[in-house]
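Subject: Structure for you to look through

Hello,

Here is the structure for you to look through. My notes on what was found follow below it.

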Amino acid sequence: VQLQASGGGLVQAGGSLRLSCAASGRTFSRYVMGWFRQAPGKEREFVAAISRNGGSTYSADSVKGRLTISRDNAKNTVYLQMNSLKPEDTAVYYCAASPNWDFHKTNYDYWGKGTLVTVSS
């Protein structure tokens, strides 16, 4: 599966953005989808994951209540709604696909090119 993330940009602290990740192919619904992010000089970290049918989600503690993952299997797209953004949310955001319910980046087989989110204070 090929993934393409979009929707990044510059936003003020407290603002909102919605990231999208479009997947190619007809196997999108077979994959657990995740969002990860990498800030300058830091390791890539897990943000959120969603199950194959969208019935279950899991988010990192640092983003709970502010960043929400969702998916639309009919559109082969996964989303990350980002509210109440903070400067520390500044990072390149990546979408990824895994065959298993997992939150570690090494277990995600497919990755999209990232999209940059910059939150100004």
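**Notes on the model**

Leaving aside neighbours within four places in sequence, Tyr93 is in contact (heavy atoms within 4.5 Å) with Leu19, Trp35, Phe36, Arg37, Val47, Leu67, Leu80, Met82, Gly114, Thr115 and Val117.

Some basics first. This is a predicted model, in which local features need pLDDT of at least 70 and side-chain atom pairs count only at pLDDT 80 or more, while totals for chains, interfaces and linings use all residues. Residues are numbered from 1 along each chain as its sequence is written, and side-chain values use heavy atoms, with hydrogens and water left out.

Tyr93 also appears in the largest nonpolar core, which has 35 residues. Such a core is a set of buried Ala, Val, Leu, Ile, Met, Phe, Trp, Tyr and Cys residues joined through side-chain atoms within 4.5 Å. Buried means under 20% relative accessible area, exposed over 50%, and partly exposed in between (1.4 Å probe, protein chains only). The residues with the most contacts inside this core are Trp35, Val78, Leu80, Met82 and Tyr93. At least two core residues come from each of β1 (3-6), β3 (17-23), β4, β5 (45-50), β7 (67-72), β8 (77-82), β9 and β11. Strands here are DSSP runs (E, at least two residues), numbered from the N terminus.

Next, strand β9 (residues 91-98): 7 of its 8 residues are buried, so β9 is largely enclosed by the rest of the structure. Two strands pair if DSSP finds at least two bridges between them. Strand β4 (residues 32-38) pairs with β9 in the antiparallel sense over 7 bridges, and Val32 has Ser98 as its bridge partner in β9. With strand β11 (residues 115-120), β9 forms 3 bridges, again antiparallel; Val92 is matched there with Leu116. Strand β10 (residues 110-111) runs antiparallel to β9 and is joined to it by 2 bridges, with Ala96 opposite Trp111.

There is also an open sheet of 4 strands in the order β1-β3-β8-β7, with antiparallel pairing. Its edge strands, β1 and β7, each pair on one side only. Between β7 and β8 there are 6 bridges, and Ile69 stands opposite Leu80 in β8.

Last, Ser59 lies in strand β6 (residues 57-59). Is Ser59 buried or exposed? Ser59 is buried, with a relative accessible area of 12%. Not counting residues up to four places away in sequence, Ser59 touches Phe46, Val47, Ala48, Lys64 and Leu67.

Regards
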